[in-house]
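Work through these exercises with the model open beside you. Try each task before you read its solution.

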Amino acid sequence: MEMDGSKRVFNRLGSSQQQQQGDNNNKQPKVCYHWRAGRCNRFPCPFLHRELPGPSHQQQQQQQHHGNGRMSSTSSKRPHGFSDDNNRGGSGLRRNPNFNNTWGRTAGGGGAVARKMEKVCNYWVKGNCTYGNSCRYLHSWTTGDCFQLLTTLEGHQKVVTGIALPSGSDKLYSGSTDKTVRVWDCQSGQCAGVVNFDGEVGCMLSEGPWIFVGITNLVKAWNTQTGTDLSLNGPVGQVYALVVGNDMLLAGTEDGILAWKYNGSTNNFDPITALTGHTHHVVSLVVGANRLYSGSMDNSIRVWNLETLQCLQILTDHTSVVMSVLCWDQFLLSCSLDKTIKVWAANESGNLEVTYTHQEERGLLALCGMHDSEAKPVLLCSCNDNTICVYDLPSFSERGKIFSKEGVRRIEIGPAGLFFTGDESGQVRVWKWLTESSSTS
């Protein structure tokens, strides 16, 4: 299956005043006032629990002409979602203050989200709930009716820490702290093989036909087309994150960040240098606009120039481990065990600063950006209460939730509306976005 690398153009939601004017002029359904305030408890509610559509077709063409909002739908260089390499600036992200006030449901809002006491029925999970439709708990792994569970891949005994789908391959690869990588046949869903390691698998990355596996004190590299099997030495301790940028492979480890460059003459990866500065384990990496962003257990994010490999800025607004970082349009998004998602934008001097903070009720484990069936950008946020919250961007209005047996550590994008999740129980699940007609039928 080939990854869809096409680029799509989207437009952010207009201001609340524009939405109200469009509502009056076009007689569209009204948006629920209580939902916007974060306290609607009606089910079903007669009003919309989503913002009204954005600008008109003419406005979209004008915005497209000016180049706003272009992003790549999928990229193996950014395993957790979308990014835009056309941005430029001191931080690697282009400054655009006009969009800074669009985050959250209303301009300057606090991002509060109405939540119900949602819990999956334990008896339904075991297949013996006698209450049926009258049960007070959920008989579903999702809410929101915008995605469905296709299958569950069983086999790992511990936390799933990596999922990879190489270009041109009909196999899905998953790695775990049970010291194995499992190979799954994409047609049958059956396990086609198991690779055993001496250490725990901390992360995985697919880049073209290559699969990189970060384990203890080592990075393994496989070429699924040629059968090449390489061992990249240098890491000290566990490898937690891998990313490709500027023709380099970069690894986040217990002891900092290591970089290798592929040598075509020797068919090997040559070590380049170590990027030092973090005072604790580096657990998340992302590349965007010729910059590397690294999140660490020292509660900071460092911004690196991929040409010079020098640190340009240190971001210290999080108060706990920075679990995941994601580039979207001209913004950097980060999540932490401090229960926040922070949105960073470049200021006039080119440095990143927090432009919006979204508060969750639990610590966050992972972020993934993708597009829904209508090509609208959405953010998947895994929380350590065994849920994934799905939000529209940039409004942070909730689309639905995904529930799992234990916390989801990895979310990976696949082709044709597919995405994959791996949790702490060892389950790998395959999901698919529903089309609008399917979700309403």
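Rings of Phe, Tyr and Trp (its six-membered ring) form a pair if their centres lie within 6.5 Å. Keep in mind that this is a predicted model.

**Exercise 1. Aromatic pairs**

Task: Find how many aromatic pairs the structure holds, then classify the pair of Trp 103 and Trp 328.

Solution:

Step 1. The structure holds 18 aromatic pairs.

Step 2. A pair of aromatic rings is described by the distance of the centres and the angle of the planes.

Step 3. For Trp 103 and Trp 328, the centres are 5.2 Å apart and the planes stand at 80°. Planes over 60 degrees apart count as edge-to-face. The pair is therefore edge-to-face.

Step 4. Now place the two residues. Trp 103 sits in the loop between strand 2 (70-72) and helix 4 (122-126). Trp 328 belongs to strand 21 (residues 322-328). The pair links distant parts of the chain, 225 residues apart.

**Exercise 2. A second partner for Trp 103**

Task: Which class does the ring pair of Trp 103 and Phe 331 fall into, and are the two residues buried or exposed?

Solution:

Step 1. The ring centres of Trp 103 and Phe 331 are 5.0 Å apart, with planes at 90°, so this pair is edge-to-face.

Step 2. Phe 331 lies in strand 22 (residues 331-336), while Trp 103 lies in its loop between strand 2 and helix 4, so the pair ties together parts 228 residues apart in sequence.

Step 3. Buried means under 20% relative accessible area. Trp 103 has 1%, so Trp 103 is buried. Phe 331 has 0%, so Phe 331 is buried too.

Step 4. Widen the view. Ring pairs link Trp 103, Trp 328, Phe 331, Tyr 356, Tyr 391 and Phe 396 into a cluster.

**Exercise 3. The nonpolar cores**

Task: In the largest nonpolar core, which residues touch the most other members?

Solution:

Step 1. This core has 23 residues.

Step 2. Trp 103, Leu 333, Ile 341, Leu 367, Leu 379 and Phe 396 touch the most other members.

Step 3. Look for the elements that give two or more residues to this core. They are strand 21, strand 22, strand 23 (340-346), strand 25 (364-371), strand 26 (377-383) and strand 27 (387-392).

Step 4. Another core lies apart from this one. It has 18 residues, including Trp 141, Phe 403, Ile 411 and Trp 431.

Step 5. Pick out Trp 141 once more. Arg 429 lies over the face of Trp 141, at 4.2 Å from the ring centre. Elsewhere, Lys 119 lies over the face of Tyr 137, at 5.7 Å from the ring centre.

**Exercise 4. A sheet of four strands**

Task: What is the strand order in the open sheet that contains strand 14, and how is strand 14 paired?

Solution:

Step 1. The sheet has 4 strands in the order 13-14-15-16, with antiparallel pairing.

Step 2. Strand 13 (239-245) and strand 16 (268-275) are the edge strands: each pairs on one side only. On average, neighbouring strands of this sheet are turned by 25° against each other, direction ignored.

Step 3. Strand 13 and strand 14 run antiparallel and are joined by 6 bridges. Val 244 stands opposite Leu 249 in strand 14. The two strands form a hairpin with 2 residues between them. In this turn, Asn 246 has a positive phi of about 55°.

Step 4. Strand 14 (residues 248-253) also pairs with strand 15 (residues 256-263), antiparallel and over 6 bridges. Here Leu 249 stands opposite Trp 260, and Ala 251 opposite Leu 258. A hairpin through 2 residues joins strand 14 to strand 15.

**Exercise 5. Buried or exposed?**

Task: Decide whether strand 14 is enclosed, then decide whether Thr 279 is buried or exposed.

Solution:

Step 1. In a regular strand the side chains alternate between the two faces of the sheet.

Step 2. On one side of strand 14 are Met 248, Leu 250 and Gly 252; on the other are Leu 249, Ala 251 and Thr 253. All are buried, and both faces are covered.

Step 3. That makes 6 of the 6 residues buried, so strand 14 is largely enclosed by the rest of the structure.

Step 4. Thr 279 lies in the loop between strand 16 and strand 17 (282-288). Exposed means over 50% relative accessible area. Thr 279 has 70%, so Thr 279 is exposed.

Note on methods. Residues numbered from 1 in each chain as written. Heavy atoms only, no water. Pairing = 2+ DSSP bridges. Axes fitted to C-alpha atoms, helices over the stretch in contact; angles between N-to-C directions. Phe/Tyr/Trp six-rings, centres within 6.5 Å; stacked < 30°, edge-to-face > 60°. Buried < 20%, exposed > 50% of the residue type's maximum accessible area, 1.4 Å probe, protein only. Lys NZ or Arg CZ within 6 Å of the ring centre and 35° of its normal. Core = buried A, V, L, I, M, F, W, Y, C linked by side-chain atoms within 4.5 Å.
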